[in-house]
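I am opening a notebook on this structure and will write down each place I look up, one entry at a time.

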Amino acid sequence: MKYALLADIHSNLEALTAVLEDIERRGSIEELWVLGDIVGYGPDPSECIKLLRSRKHIAVSGNHDVFCSGKMDARYLLNPEAATACLWTERVLSAEDIEYLKNLPEIVERDDFMLVHGSPRDPLWEYVMSLSVALINFDYFRSKYCLVGHSHMPLVFKLGEDGHCINLPLSESVGVVLGKHKMIINPGGVGQPRDGDPRASYAIYDSEAKVIRLHRVPYDIKLTQQKMVKRNLPVRLISRLEKGL
Ligand code: ZN
């Protein structure tokens, strides 16, 4: 079976549509596994929720999902531009969208995986970007592997037998082979990649081959940016899309 791993869609309908088309081109997928931050930043929150809900999927909640749905009232924890986009998002979401977002769990366990947005230790907030933070987090999940989002960067951390943590490469040319060692894996961001490559990022997990492969998909960034201008969303959020930062 194959599963598509999607993180940080962030209301970017063009990116989500391009990724779903790419997934379809590659053959049959059992289910989408969505790692939080479905909304926030981008111009099409309702449309992204609707499109996602039309597909078989499981999803966990991200920090933007809890704020934009009003589930948690602590927007001061976000930077000013993110908070502005969040307020706008909350205004345009339907009651049904808000209900959907509020009901997302923070943790889902599936097969050998635990799914969270941030980290196993702090599912909504913590970024797993360094070896030291990854190492601490290996104590916080019992499954073999943990899938995360939040940093919008494709990253893999592996816990070795000697108790040390190392990074493994994850790119379009180099997949990750799942073995006996614990791993924390981030498939990068769909709607606002931050690794310097503006193309949407996602991964496919093949449960028979025990491999996770990364895919990058170009999408109509200009169209997303034009919509953001029309909706008066912060300039920095608009310009960063073309840079992938
Ligand atoms: Zn995010």
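**Entry on Ser61.** I began with Ser61, which I found in the loop between β3 and α3. This is a predicted model, and I keep that in mind for every entry here. Is Ser61 buried or exposed? Its relative accessibility is 0%, so Ser61 counts as buried. Leaving aside residues up to four places away in sequence, I listed what Ser61 touches: Gly36, Val66, Leu104, Pro105, Glu106, His117 and Leu124.

**Entry on Cys68.** Next I looked up Cys68, whose place is in helix α3, residues 63-68. Cys68 counts as buried because its relative accessibility is 0%. I then asked which residues Cys68 touches, not counting those up to four places away in sequence, and noted Val39, Gly40, Cys86, Thr89, Glu90 and Leu93. For one of these, Glu90, I also took the distance: Glu90 and Cys68 are 22 residues apart along the chain, while their C-alpha atoms are separated by 4.9 Å.

**Entry on Leu93.** Since Leu93 had turned up among the contacts of Cys68, I went there next and found Leu93 in the loop between α4 and α5. With a relative accessibility of 8%, Leu93 falls under the 20% limit and therefore counts as buried. Beyond residues up to four places away in sequence, Leu93 touches Pro45, Ser46, Ile49, Cys68, Ile98 and Leu101. I also checked Leu93 against Pro80: the two are 13 residues apart in sequence and, from C-alpha to C-alpha, 20 Å apart in space.

**Entry on helix α2.** Three contacts of Leu93, namely Pro45, Ser46 and Ile49, sent me to helix α2, which holds residues 45-53. Which residues of this helix are buried? I noted Pro45, Ser46, Cys48, Ile49, Leu51 and Leu52. As a reminder to myself, an α-helix has 3.6 residues a turn, so residues three or four places apart point the same way. I then looked for what covers the buried residues of α2, and the cover includes α1, β2 (31-34), β3 (57-59), α4 (80-92) and α5 (95-102). Glu47 also lies in helix α2, but Glu47 is partly exposed, because its relative accessible area is 37%. The C-alpha atoms of Glu47 and Ala15 are separated by 12 Å, with the two positions 32 residues apart along the chain counted as their spacing.

**Entry on the zinc ion.** Which protein residues serve as donors of the zinc ion? I wrote down Asp8 (OD), His10 (NE2), Asp37 (OD) and His152 (NE2), which lie 2.1 to 2.4 Å from the ion. In sequence, these donor residues follow the spacing D-x1-H-x26-D-x114-H. The angles among the four donor atoms run from 83 to 174°, and the site is irregular. Of the donors, I noted that both Asp8 and His10 are buried.

**Entry on two positive phi values.** I stayed with His10, which lies in the loop between β1 (2-6) and α1 and has a positive phi of about 50° although it is not a glycine. His10 counts as buried because its relative accessibility is 1%. Tyr41, again a residue other than glycine, has a positive phi near 75°. The place of Tyr41 is in the loop between β2 and α2, and its relative accessibility is 7%, so Tyr41 counts as buried.

**Entry on the nonpolar cores.** Which members of the largest nonpolar core touch the most other members? Of its 47 residues, they are Leu6 and Ile38. Helix α1, residues 13-25, gives the most to this core, with seven residues. Apart from this core lies another, of 22 residues, among them Ala7, Leu147, Val176 and Met183. Back at Leu6, and not counting residues up to four places away in sequence, I listed contacts with Leu16, Val19, Ile23, Leu32, Trp33, Val34, Leu35, Val190 and Tyr202.

**Entry on helices α7 and α8.** Last, I looked at helix α7 (residues 221-230) and helix α8 (residues 235-243), whose axes come within 9 Å and cross at roughly 175°. That crossing angle is why α7 is roughly antiparallel to α8. The contact is made by Ile221, Thr224, Gln225, Met228 and Val229 on the α7 side, and by Leu237, Ile238, Ser239, Leu241 and Glu242 on the α8 side.

Terms used
Residues numbered from 1 in each chain as written. Predicted model: local features only at pLDDT ≥ 70, side-chain atom pairs only at ≥ 80, totals over all residues. Heavy atoms only, no water. Donors = N, O, S within 2.8 Å, 3.2 Å for Na, K, Ca; no water. Tetrahedral: all angles 85-135°; square planar, octahedral: opposite > 155°, others 65-115°. Buried < 20%, exposed > 50% of the residue type's maximum accessible area, 1.4 Å probe, protein only. Core = buried A, V, L, I, M, F, W, Y, C linked by side-chain atoms within 4.5 Å. Helix = DSSP H or I, 4+ residues; strand = E, 2+ residues; numbered from the N terminus. Contact = heavy atoms within 4.5 Å. Axes fitted to C-alpha atoms, helices over the stretch in contact; angles between N-to-C directions. Parallel < 35°, antiparallel > 145°, perpendicular 65-115°, else oblique.
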